[in-house]
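Please open the model in your viewer and keep the sequence panel beside it, so that each selection below can be followed in both places. The tour moves from the whole chain to single residues.

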Amino acid sequence: MSEQTWIDALAADELPTDDVLGVAIDGHDIALYTVGGEVFATDNVCTHGHARLCDGFLDGHEIECPLHQGRFDVRDGKPTCEPASEPLRSYPVKVEGSRVLVRIG
Ligand code: FES
């Protein structure tokens, strides 16, 4: 598979509204976020410890980790609040028709 392949993740109507959802995409644990009608994707596991961000709290463009309340910007994965200090990997997302596609490279 090409490094630039778009992978069909789920139906667009399965996305929550202004919330986060954890999905398995091609063997990757991915968090999908919807914010004001836009969709973003990052790794779902926090870079600080083993916590799944889909169990956290989405506040605007920030996801708060459920374990130690570190925060990341869902648009680019950058940490915005300690103890998170390492960025999350983020992925391009697009909605085509009724499907959500994520590019895992
Ligand atoms: S495990 Fe996420 S902030 Fe510590």
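The stops below begin with the chain as a whole and then take up its strands, its core and a few loop positions.

**The whole chain**

Before selecting anything, keep in mind that this is a predicted model. Show the protein chain as a cartoon and look for its secondary structure: there are 11 strands and zero helices, so that the pattern read along the sequence is β-β-β-β-β-β-β-β-β-β-β. Seen along the principal axes, the C-alpha atoms fill a box of roughly 35 × 30 × 20 Å. The radius of gyration of the protein chain is 13 Å, which agrees with the value near 13 Å that a compact globule of 105 residues would have. Of these 105 residues, 29% are buried. Among the contacts with a separation of 6 or more, 42% are between residues 24 or more positions apart.

**The open sheet of three strands**

Next, select residues 6–11, which are strand 1, and residues 93–96, which are strand 10, and add residues 99–103, which are strand 11. Together these strands make an open sheet in the order 1-11-10, and their pairing is antiparallel. Strand 1 and strand 10 stand at the edges with a single partner strand each, and therefore one side of each has no neighbour in the sheet. If you turn the view, you can follow how neighbouring strands of this sheet are rotated against each other, by 30° on average when direction is ignored.

Stay with strand 10 and strand 11, which pair in the antiparallel sense over four bridges. To see one position of this pairing, select Val-95 and look across to strand 11, where Val-100 stands opposite.

Now select Ala-11, which lies in strand 1. Is Ala-11 buried or exposed? Ala-11 has 12 C-beta neighbours inside 10 Å and therefore counts as exposed. Leaving aside neighbours within four places in sequence, Ala-11 is in contact with Ser-98 and Arg-99. For a distance across the model, add Arg-52 to the selection: Ala-11 and Arg-52 are 41 residues apart in sequence, and their C-alpha atoms are 22 Å apart in space.

**The hairpin and its next neighbour**

Move on to residues 28–35, which form strand 3, and residues 38–43, which form strand 4. Strand 3 and strand 4 form a hairpin with two residues between them, and in the turn you will find Gly-36, with a positive phi of about 55°. The two strands pair in the antiparallel sense over six bridges; Thr-34, for example, has Val-39 in strand 4 as its bridge partner.

From strand 4, extend the selection to strand 9, residues 90–91. Strand 4 and strand 9 run antiparallel and are joined by two bridges, and the bridge partner of Thr-42 in strand 9 is Ser-90.

**The nonpolar core**

In soluble globular proteins, nonpolar side chains tend to be buried together. To look at this model with that in mind, select Val-20, Ala-31, Tyr-33, Ala-41 and Val-102, which have the most contacts inside the largest nonpolar core, a set of 24 residues. Strand 3, strand 4 and strand 11 each supply at least two residues of this core, and strand 3 gives the most, with four.

Which residues does Ala-41 touch? Not counting residues up to four places away in sequence, Ala-41 touches Ile-30, Ala-31, Leu-32, Ser-90, Tyr-91, Val-93 and Val-102.

**Three loop positions**

For the last stops, turn to the loops and show the backbone. Select Asp-18, in the loop between strand 1 and strand 2, where phi is near 50°, a positive value in a residue other than glycine. Asp-18 has 12 C-beta neighbours inside 10 Å and so counts as exposed.

Then go to Asp-26, in the loop between strand 2 and strand 3. Although Asp-26 is not a glycine, its phi is positive, at about 55°; with 12 C-beta neighbours inside 10 Å, Asp-26 counts as exposed.

Finally, select Glu-82 and Pro-83, which are joined by a cis peptide bond with omega at about 10°. Pro-83 is placed in the loop between strand 8, residues 79–81, and strand 9.

Note on methods:
Residues are numbered from 1 along each chain as its sequence is written. This is a predicted model: local features need pLDDT of at least 70, side-chain atom pairs count only at pLDDT 80 or more; totals for chains, interfaces and linings use all residues. The radius of gyration is taken over C-alpha atoms; the globule rule is 2.2 Å times the number of residues to the power 0.38. A residue is buried if 20 or more other C-beta atoms lie within 10 Å of its own, exposed if 12 or fewer, and partly exposed in between; C-beta atoms are placed from the backbone. Two residues are in contact if their C-beta atoms, placed from the backbone, lie within 7 Å. Two strands pair if DSSP finds at least two bridges between them. Axes are lines fitted to C-alpha atoms, for helices over the stretch in contact, and angles run from 0 to 180 degrees between N-to-C directions. A nonpolar core is a set of buried Ala, Val, Leu, Ile, Met, Phe, Trp, Tyr and Cys residues joined through C-beta atoms within 7 Å.
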